[in-house]
Each structure stands twice: as C-alpha cells, then as structure tokens.
Amino acid sequence: MIVTVAEKAGACYGVNRALELALGCQDAPQPVHTLGPLIHNPLVVASLAEQGVFEAANLDEAGSGTVVIRSHGTGPQLIEEAERRGFNVIDATCPFVSKVQQHAAELGRQGYAVVIVGEAGHAEVEGIRAWGGSAVLAVVEEPEELPAALPPKVGVVVQTTQSEERYQRVLAALEQRCEEVRAFKTICSATQMRQRAAAELAAASDVMVVIGGRNSGNTRRLVEVCQASCPTYHVESAAELQPEWFAPHSRVGVTAGASTPQAHIDAVTSALEALA
Ligand code: F3S
C-alpha cells in the first residue's frame, strides 16, 4: 500500500489561530466557554474541554468569565450583549470571515440590498447575515433561489467555503437582472487549495481517506470532490479505519478538512502505514 497525503490538507490559518486564542485563555477570567463548538471537529472540542475550554450554547449557559467567539464568527449584537453582561470576550473569528462581515455591513450602509451566496443556517452565514442587518435580501446557493423581484442595486458576498462555480452562477444571474451589482468574491483560498489538491490526488489514487468532523461542511465537500474519482471513506479518527477498505497494493490518498489538526492526519497516515 502506498500512502500519499494531499499537498494541501488539514487545519487552516483561521482554525489554528482560533485554537491558539482559546488555549491561551489560562490567565483570562474563568470559566472559559466557546459559544457553540469552536470548530467543527468533535475530537478537538473534547480535547479543549479537557484543557479547561468548555462549550456553551449561549451566554446564559456560559454564566460568567470568558467567552470565545468561534472561527465562524457571530453577529455584532451577541458580542455587544456579552460585553454588556460583563464577559471577557475573546474574538477568534477568522480574519477572512470578519472581512465578509465588514463587506456585508458596508454594502448595506451604501444602500445596496445584500445577497449572501451560502448555506442558510450555517453559523458563518448567520453571522454575516447579522452584520448585514436589514439590508440582507437573501441567502442563496443557486440562482433559482433568488427572489422574483430584485431591487436595482445589489451587493454580493459569499460564504468563505463556497465553490467558485456556485458564486459565478449567482453573480451572472444578478448581473442580468439588476442595474448595478457590486460583488466581493470572499471565498477563502485555503478551501479552494484543499479541494484542488484533493481532486488531483483522488485522480491518481485507488481509494481516498478524508479526515474531519462529520459536522464539518468543508470536510464533506472534500468527500464529494474525491468521490468523483474513486471510492472515498470519511473518518474522524484513525480508530475508524477498516482494513478491508484497502487492497494490498492500493494507492491510498489522504486529505483532511480545514478543521482537522495535523496530529489527526499523522495518526491516520501512521495507522494506514501499519496496515501496509
Ligand atoms: Fe478562515 Fe479560510 Fe479557515 S476563512 S477559518 S482560513 S477555511
């Protein structure tokens, strides 16, 4: 068995930064809670709890002390509310997500109706929606979801983990139907690079293993990309690997979502090499 790890795989800048900020809270007012899971990776969330960084669903559950805003970000109202209630707030919003939030807010101030290309209900998208406020016209993944009536001036931002193709489809439809479109292509290159590297590796592999949380959207997208080329297994940890997935001389490709730490990739590759 030959095991190859994709050229770009695993934890991105924003996730590593959020982990460092959360783990650097030892001297901050206690207890320390993240509002929702810090990142979409249950194993990492469990390990954070062992190190004194707990998950709370909301400010009431956190009670007091420090709250960490996760890498997906949140709306400005929640941050203001936390500060008003005396919490120490550590903002671990990925700077690329902050940029999308700022664009949404600015477009609204400039009189544009804002269209967010993204997955409604996803934490990052709901945070962006809150920053855009009443200027947000719609959250769509495809042009067919756009409202029947559109105002003349429309601004567009896109969830950092969306695909370029989807963004271009929505943009093209808006440009046909609106007088003025101001668009910000806020897709994060970390996601694109991981998808491209995964596609290339999957095309040259007999089987792919994708590591990451089952609740991680970008990990699930990597699974889809790999499935287009070869059988693909999604695991959260090395313990889930099944020997029968691999023939003796398989070329096994490994990739991992942007919320998967390097240690998890190392553990899976070691376990695969042990099977060889
Ligand atoms: Fe940030 Fe991009 Fe990662 S938006 S959290 S660096 S995938």
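## Close-up views of a predicted model

**View 1. T219 is a buried residue of the predicted model.** T219 has a relative accessible area of 0%, so this residue counts as buried, the limit being under 20%. The model shown here, as in every view, is predicted. T219 belongs to helix 9. Beyond its neighbours within four places in sequence, T219 is in contact with V210, I211, G212 and G213. H234, G257 and S259 are contacts of T219 as well. G24 lies elsewhere: its C-alpha atom is 26 Å from that of T219, and 195 residues separate the two along the chain.

**View 2. Helix 9 has a set of buried residues.** T219 is one of the buried residues of helix 9. The others are G217, N218, R221, L222, V223 and C226. What covers them? The cover over the buried residues of helix 9 includes helix 8 and strand 10. Strand 11 (232-235) and strand 12 also take part in that cover.

**View 3. The largest nonpolar core holds 25 residues.** V209, I211, L241, F246 and L272 have the most contacts inside this core. Three helices and two strands appear in the next list, each with at least two residues in the core: helix 8 (189-203), helix 9 (217-227), helix 10 (262-275), strand 10 (207-211) and strand 12 (251-256). Strand 10 gives the largest share, five residues. A second core, separate from this one, has 20 residues, with L19, A22, V32 and I39 among them. In soluble globular proteins, nonpolar side chains tend to be buried together.

**View 4. I211 is in contact with residues from several places along the chain.** Neighbours within four places in sequence are left aside here. I211 is in contact with T219, the residue of View 1. V235 and E236 are also in contact with I211. Further contacts of I211 are V254, T255, A256, G257 and T260. H264, I265 and V268 complete the list for I211.

**View 5. The ligand sits in the largest pocket.** Which residues surround the ligand? C12, G14, C94, F96, T160, C188 and T191 do. By class, four residues of this shell are nonpolar and three are polar. The shell has no charged residues.

**View 6. A cis peptide bond joins Q30 and P31.** Its omega is about -5°. P31 is in the loop between helix 1 (13-23) and strand 2 (32-35).

**View 7. I69 is a buried residue of strand 4.** Strand 4 covers residues 66-69. Why does I69 count as buried? Its relative accessibility is 2%, and the limit for buried is under 20%. Residues up to four places away in sequence are not counted in what follows. I69 touches L35, T74 and I79. V89, I90, D91, A92 and T93 also touch I69. Q110 is 41 residues from I69 in sequence, and the two C-alpha atoms are 27 Å apart.

**View 8. E240 is partly exposed.** E240 is found in the loop between strand 11 and strand 12. Its relative accessible area is 23%, so E240 falls between the limits of 20% for buried and 50% for exposed. With neighbours within four places in sequence left aside, E240 is in contact with R214, H234, V235 and W245. The C-alpha atoms of E240 and V268 are separated by 9.4 Å, with the two residues 28 apart along the chain.

Definitions and conventions: Residues numbered from 1 in each chain as written. Predicted model: local features only at pLDDT ≥ 70, side-chain atom pairs only at ≥ 80, totals over all residues. Heavy atoms only, no water. Core = buried A, V, L, I, M, F, W, Y, C linked by side-chain atoms within 4.5 Å. Buried < 20%, exposed > 50% of the residue type's maximum accessible area, 1.4 Å probe, protein only. Helix = DSSP H or I, 4+ residues; strand = E, 2+ residues; numbered from the N terminus. Contact = heavy atoms within 4.5 Å. Near = heavy atom within 4 Å. 1 Å grid on protein atoms, 1.4 Å probe; cavity = no way out; pocket = protein on both sides within 12 Å on 5 of 7 lines; lining within 4 Å. Sits in = over half its atoms within 2 Å of the grid points. Nonpolar A, V, L, I, M, F, W, Y, C, P; charged D, E, K, R; others polar.
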